[in-house]
Amino acid sequence: MSAANLESLESLEQDALQRIQSAAALADLEAVRVELLGRKGKLAGLSKDMGQLTPEERASRGKLLNRAKQALEEALEQRKSAFEDTALHTRLQAEWVDLTVPAPGVRPGSLHPVTLVQREIEDLFVSMGFTVLSGPEVETEHHNFDALNIPGDHPARDMQDTFWLEGGYLLRTHTSPVQIRGMRKLGPPLRMIAPGRVFRNEELDASHEHTFYQIEGMMVDREISVSHLIYYMKTMLEGLFRREVTVRLRPGYFPFVEPGFELEIQCLLCGGKGCPVCKQSGWLEQLGCGLVHPNVLRMSGIDPEEWMGWAFGLGLTRLVMMRYGIDDIRHLQGGDLRFLRQF
Ligand code: DAH
């Protein structure tokens, strides 16, 4: 290789290395590559007259050219990967996601108000030694009526509008049939409650649904009196409303209890003075209750000479409405998330 050629190769290389180092973008590198290493590039130009050289000269020039080519390729490669690293780093910074942050628009669910109150009542009674039972929603006529001292010709059957099914089955109209199942399963003495869904063939309006919830309660033991009943009812209602309540019993007729009562509490809003919520009466009706009728005990194999009991049936849906100030029963089964999310 001539001295001139050698010199221009060296300055070419130095110049190119400098441009590679100071390249600002991938495009600059590509320009240098094409200019020097491309098929019509400067290095190719320098090897054009190789054919006229002696074999020794050719070998040494080839070596020099190859070394220069390698040096440039390496420098290009390094610079290129530095650009790529920076680009990747920038992208990772931009796309960084904190996986522990809750996704926007996804809310945790919440319990239905009926479930909330039901669980409170269950906890209360469980703490007093009661068992929580459940019974079927599709019941027999026997459990729903006959065994509760409501025979076929009894006018009390008309008190509840029943959804009849085929084969003597029905949708239970109250949770009272679970009393029967409880007595037969557990035997005396027993303490049980039974929350559940009940059905009545009613016209719908703001205070009537065909489907609603009740809680049944029953205690069978020796020497049961009305004062036991009052004690448990008061304890339950005070636990629920979280304040002292004044209760009173008025006679009420239910075929499965004798005596039977309607239990009322003094209006929590006006303290008994009279207001729109209690319809100026000062009292709010809460539940039906009484001492278990001897016939009911007997029909479930319990000797009424030896055992006695009290029972109650509470409109859970109504209680939930009172507790949360819900003015239309249809909200409860409506499935509207705007309503449900408030609990
Ligand atoms: N089962 C009655 C109803 O749905 C409520 C009831 C009243 C239940 C008195 C009882 C009771 O256990 O003793 O109207």
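Let's start at N149, which counts as buried at 16% relative accessibility. That figure falls under the 20% cut-off for buried residues. What you have on screen is a predicted model, so it is worth going through its details one spot at a time. N149 sits in the loop that runs between helix 6 (141-144) and strand 3 (169-171). Its backbone is worth a look too: phi of N149 is near 70°, a positive value in a residue other than glycine. As a rule, most residues other than glycine have a negative phi.

K279 makes a good companion case. Here phi is near 50°, again a positive value in a residue other than glycine. You'll find K279 in the loop between strand 7 and strand 8 (283-292). Is K279 buried or exposed? It is exposed, with a relative accessible area of 73%. So these two positive-phi residues part ways in their surroundings: N149 is buried, whereas K279 is exposed.

Now step back to the overall layout. The protein is split into domain 1 (3-95) and domain 2 (113-340), and 92 Å separates the C-alpha centres of the two domains. For a stop in the first part of the chain, try N66, which belongs to helix 4 (residues 55-95). N66 counts as partly exposed, at 49% relative accessibility. Its C-alpha lies 9.3 Å from that of L43, although the two residues are 23 apart along the chain.

Over to strand 4 (residues 190-199), then, where most of the strand is covered: eight of its 10 residues are buried. Which strands does it pair with? On one side of the story is strand 1 (residues 131-132), which runs parallel to strand 4 and is joined to it by two bridges. If you want to find the register there, V132 has I193 in strand 4 as its bridge partner. Then there is strand 5 (residues 211-221), which pairs with strand 4 in the antiparallel sense over 10 bridges. In that pairing, F199 stands opposite T211 of strand 5.Just ahead of strand 4 comes a backbone feature to check. P189 is placed in the loop between helix 7 (177-186) and strand 4, and the peptide bond from P188 to P189 is cis, with omega near -10°. Most peptide bonds, by contrast, are trans. Another cis peptide bond joins E258 and P259, where omega is about -5°. This time the proline is placed in a strand, as P259 belongs to strand 7 (residues 257-266).

Last stop: the cysteines. How many disulfides does a search of the whole structure find? The count is zero. C267 is in no disulfide, and the nearest cysteine sulfur, that of C270, is 3.7 Å away. C267 is also buried, with a relative accessible area of 2%. What about C275? Its sulfur is 3.7 Å from the closest cysteine sulfur, in C267, and that is too far for a bond, because a disulfide needs the two sulfur atoms within 2.5 Å. C275 counts as buried as well, at 9% relative accessibility.

Terms used: Residues numbered from 1 in each chain as written. Predicted model: local features only at pLDDT ≥ 70, side-chain atom pairs only at ≥ 80, totals over all residues. Heavy atoms only, no water. Buried < 20%, exposed > 50% of the residue type's maximum accessible area, 1.4 Å probe, protein only. Helix = DSSP H or I, 4+ residues; strand = E, 2+ residues; numbered from the N terminus. Pairing = 2+ DSSP bridges. Domains from an automatic or database assignment.
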